[in-house]
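Q: Please take a close look at one part of this structure, the group of aromatic rings, and explain how it is placed within the rest of the protein.

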Amino acid sequence: MFKLVILVSAVTCALAAVVPESLSPHIDGRIVGGNEGNINQFPYLVSIQRNGQHICGGSIYNNYIIVTAAHCVQKIPTNELKVRAGSSTWNSGGTLLNVAAYRSHEGYNPTTMENDVAVVRLLTMLYYSTSIGTINLGTWLPSNGASAVVVGWGTKTYNGVISDTLQYINVNIISAAQCASSTYRYGSSIKSDMICASATGKDACQKDSGGPLVSGGYLTGIVSWGYGCAYEGYPGVYVEVSLFREWIINNAKTV
């Protein structure tokens, strides 16, 4: 809780100039306006948990490594973290594994939310099945308007209750340049390593952070931050995975 308060304060300071006082930032995404899904549709999705509570999503890179957002795990002792894979519900089923180690990007900045990426090493390996599988890292950014899907267990409304069963939404990609333009309301808060995605009445929300934005079968984005949830002019903001592909590959070998 203390960590989240610090991060919210930092992001608020950085972005207050472009955001109305009536809105506050979410830095741990959620699914708003979604549909209930099944883990067999998204076998790469995992729930990252702290002391038995779902805190973030993540994506399976290989049978030992999970890709997530840096702010999800920053400064949390590894013995407080577990990962559940292979289940449509975050609190039961599938397999629940301990975390051996994690590494956040050395350039992660909690004020600007740049470089918000981390890799998590599991203590024991995952066994692939119809409900547990990997997803390939994106190698390029899809064009503006490209279709994508976001999936997670986050809250269905801003400051609401998280969903027991995974939810998914279909959204459209927005490049960093477009998201920082006058079409939207973030302005210079959108950095070059970020992308956005949106659809009317749909968004990632609280507790979706670290989860996957998938386009064309590739992990294109990592849920990072945003203002409100599904608020007009404020699309969800994601880490652009193609820019961190080499970092993820290299650090997955050494974490």
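**The aromatic cluster**

A: Trp225 has a relative accessibility of 2% and therefore counts as buried, the limit being under 20%. This value, like the others below, comes from a predicted model. The mean pLDDT of the protein is 85, and 80% of its residues reach 70 or more. Residues 1-30 call for caution, since their pLDDT is below 50; in the model this stretch nevertheless has 86 contacts beyond near neighbours in sequence.

Trp225 belongs to one aromatic cluster together with Tyr186, Tyr227 and Tyr234. Two further members of the cluster are also buried: Tyr227 has a relative accessibility of 2%, and Tyr186 has a relative accessible area of 0%. The rings of Trp225 and Tyr227 have centres 6.3 Å apart. Their planes stand at 85°, and because an angle over 60 degrees counts as edge-to-face, the pair is assigned to that class.

In the protein as a whole, the count of aromatic pairs comes to eight. One of them joins Tyr186 to Tyr227, with 6.4 Å from centre to centre and 50° between the planes, and this pair is tilted. Tyr186 is found in the loop between helix H3 (176-179) and strand E12 (194-198), while Tyr227 is part of strand E14 (residues 218-227), so the pair ties together parts that are 41 residues apart in sequence.

The surroundings of Trp225 can be followed through Ile190. Leaving aside residues up to four places away in sequence, Ile190 touches Trp225 as well as Ala176, Cys179, Ala180, Cys196 and Val237. Ile190 is also one of the residues with the most contacts inside the largest nonpolar core, along with Ile66 and Ile248. That core has 60 residues. Apart from it lies another core, of eleven residues, including Ala146, Ile195, Ala197 and Tyr238. In soluble globular proteins, nonpolar side chains tend to be buried together.

A polar residue elsewhere may be set beside this picture. Ser88 is located in the loop between strand E6 (81-85) and strand E7 (95-104), and with 16% relative accessibility Ser88 counts as buried. The side chain of Ser88 reaches the backbone nitrogen of Ile39 at 2.9 Å. Not counting residues up to four places away in sequence, Ser88 touches Ile39 and its neighbours Gly37 and Asn38, and further Trp153, Asp164, Thr165 and Leu166.

Conventions: Residues are numbered from 1 along each chain as its sequence is written. Side-chain values use heavy atoms; hydrogens and water are left out. Rings of Phe, Tyr and Trp (its six-membered ring) pair if their centres lie within 6.5 Å; planes under 30 degrees apart count as stacked, over 60 as edge-to-face and the rest as tilted. Helices (H or I, at least four residues) and strands (E, at least two) are DSSP runs, numbered from the N terminus. Buried means under 20% relative accessible area, exposed over 50%, partly exposed in between (1.4 Å probe, protein chains only). pLDDT is the predictor's confidence in each residue, from 0 to 100. Contact means heavy atoms within 4.5 Å. A polar contact is a pair of N or O atoms within 3.5 Å; within protein, one must be able to donate a hydrogen and the other to accept it, and residues adjacent in sequence count only if both atoms are side-chain atoms. A nonpolar core is a set of buried Ala, Val, Leu, Ile, Met, Phe, Trp, Tyr and Cys residues joined through side-chain atoms within 4.5 Å.
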